[in-house]
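These are my notebook entries on a structure that I went through part by part. I wrote down what I looked up and what I found.

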Amino acid sequence: MTDPSAMLEPWEQPGWLGPEEFKASEGVEDWRLLGEGICAFFRTNSFAEGARLVQAIAELPNIADANHPQVDLRHDGVTVRLTTLTEGLFFCGYSTRDVERARQISAVARELGIPSDPTRLQHVQVSIDALSIPDVMPFWRAALGYEFRRDTEEDVVDPRGRGPSFWFQQMDSPRAQRNRIHFDIGVPPEKVDDRVAAVLAAGGRRRDPEHPWILSDPEGNEICLG
């Protein structure tokens with residue numbers, strides 16, 4: 001007999017939250033849903049200050065479990081990404097556990113006097129139209145040194161957690177009106193309008209009135225921005 005829970009969307013599973021539920025949660029004002037997780041950026045004045053924040057995060061109770069935070073330390077700030085991985089499933093950022101960890105990390109940042117700056121966040125994914133995903137996937141996996149995402153063979157990801165993910169979109173026939181490869185660029189909601197305005201001011205064009213997030217450069221190379 002089929003397990004009824006297998007028919008549910010990830011956020012319908014016990015202990016998971018939908019995007020709107022996450023955004024409505026208390027204590028997650030520093031965090032944004034981007035790509036495959038929830039992310040925060042904490043602005044620092046030096047590499048040493050950022051290192052102190054990373055050390056404080058590492059000392060949080062039970063933080064170093066199988067779903068430990070992904071942390072990027074630079075001289076001007078610390079980016080933290082929380083991802084929940086479960087067996088047979090790669091779905092990130094919306095579990096009740098992630099909300100609690102986000103609150104803890106924000107709390108230690110406040111204790112150190114380190115402010116958050118969600119406007120510095122960004123997520124980039126490369127999307128490739130493919131008539132036969134099984135034929136093109138091996139090429140990209142080999143060229144990039146990437147692996148399948150855990151829940152699908154439509155995506156490949158950097159096992160080092162540094163490069164953008166690649167998503168393969170199944171096509172029935174070539175689309176002559178658009179490129180076969182484009183970039184999906186995610187920014188915090190409060191920055192979307194400013195980023196779109198900057199793209200248009202730099203020569204960008206809207207490709208489809210019904211899909212305002214699709215933009216292109218003057219030669220027709222597309223992005224999806226949202």
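**Entry 1: strands side by side**

I began with E3 and E4, which run antiparallel and are joined by five bridges. I noted that the model is a predicted one, and I kept that in mind for each entry below. Between E3 and E4 I found two residues, and the two strands form a hairpin. To have one position to look at in the structure, I picked Val71, which stands opposite Val80 in E4.

I then turned to strand E2, residues 37–43, which also pairs with E4 in the antiparallel sense, here over six bridges. In this pairing I marked Phe42, which stands opposite Val78 in E4. As a reminder to myself, I wrote that in a regular strand the side chains alternate between the two faces of the sheet.

**Entry 2: salt bridges**

Side chains of opposite charge can pair when their charged atoms come close. With that in mind I asked myself how many salt bridges the count comes to. The count comes to eight salt bridges, and I looked up three of these pairs in detail.

The pair I took up to begin with was Arg32 and Glu190, whose closest N and O atoms are 2.9 Å apart. Arg32 sits in strand E1 (residues 32–34) and Glu190 in the loop between strand E11 (181–186) and helix H5 (192–201), so I recorded a link between distant parts of the chain, 158 residues apart. I also asked whether Arg32 is buried or exposed. At 18% relative accessibility Arg32 counts as buried, because the cut-off for buried is under 20%, whereas Glu190 is partly exposed with a relative accessible area of 39%.

Next I looked at Arg120 and Asp76, whose side chains meet in a salt bridge of 2.6 Å, N to O. Arg120 lies in the loop between helix H3 (96–111) and strand E7 (123–130), and Asp76 lies in the loop between strand E3 (70–74) and strand E4 (77–82), so this pair ties together parts that are 44 residues apart in sequence. Arg120 is partly exposed at 42%, and Asp76 also counts as partly exposed, at 25% relative accessibility.

The third pair I wrote down was Asp194 and Lys191, with 3.8 Å from N to O. Asp194 has a relative accessible area of 49% and is partly exposed, while Lys191 is partly exposed at 27%.

**Entry 3: aromatic rings**

I went on to the aromatic side chains, where the count comes to four aromatic pairs. Trp140 and Phe166 form a tilted pair, with 5.6 Å from centre to centre and 35° between the planes. Trp140 lies in helix H4 (residues 133–144) and Phe166 in strand E10 (residues 165–170), so the pair ties together parts that are 26 residues apart in sequence. For burial I noted that Trp140 counts as partly exposed at 22% relative accessibility, whereas Phe166 is buried with a relative accessible area of 8%.

The ring of Phe166 also pairs with the ring of Tyr146: their centres are 5.9 Å apart and their planes stand at 90°, so I recorded this pair as edge-to-face. Tyr146 lies in the loop between H4 and strand E8 (147–148), and Phe166 lies in strand E10, so parts that are 20 residues apart in sequence are tied together here. Both Tyr146 and Phe166 are buried. Which residues make up the aromatic cluster? I found that Phe139, Trp140, Tyr146 and Phe166 form one cluster.

**Entry 4: the second largest pocket**

I then looked up the second largest pocket, which holds about 340 Å³ of space. Its lining has 13 residues, and the closest to its centre are Leu34, Gly35, His123, Gln125 and Asp184. I asked which strand gives the most to this lining. The answer is E11, with three residues, and I noted that E1, E7 and E11 each supply at least two residues. By class, I listed six nonpolar, five polar and two charged residues in the lining.

**Entry 5: one more arginine**

To finish, I looked at Arg149, which lies in the loop between E8 and strand E9 (155–157). Arg149 counts as buried, at 13% relative accessibility. I also looked up the C-alpha atoms of Arg149 and Ser165, which are separated by 9.1 Å, with the two residues 16 apart along the chain.

Note on methods:
Residues are numbered from 1 along each chain as its sequence is written. This is a predicted model: local features need pLDDT of at least 70, side-chain atom pairs count only at pLDDT 80 or more; totals for chains, interfaces and linings use all residues. Side-chain values use heavy atoms; hydrogens and water are left out. A salt bridge is a side-chain nitrogen of Lys or Arg within 4 Å of a carboxyl oxygen of Asp or Glu. Helices (H or I, at least four residues) and strands (E, at least two) are DSSP runs, numbered from the N terminus. Buried means under 20% relative accessible area, exposed over 50%, partly exposed in between (1.4 Å probe, protein chains only). Rings of Phe, Tyr and Trp (its six-membered ring) pair if their centres lie within 6.5 Å; planes under 30 degrees apart count as stacked, over 60 as edge-to-face and the rest as tilted. On a 1 Å grid over the protein atoms alone, a cavity is a set of points where a 1.4 Å probe fits but cannot get out, and a pocket is an open set with protein on both sides within 12 Å along at least five of seven lines; lining residues have an atom within 4 Å of a point. Grid points are joined across faces, edges and corners, and a volume is the space filled by probe spheres set on the points. Ala, Val, Leu, Ile, Met, Phe, Trp, Tyr, Cys and Pro count as nonpolar, Asp, Glu, Lys and Arg as charged, and the others, Gly among them, as polar. Two strands pair if DSSP finds at least two bridges between them.
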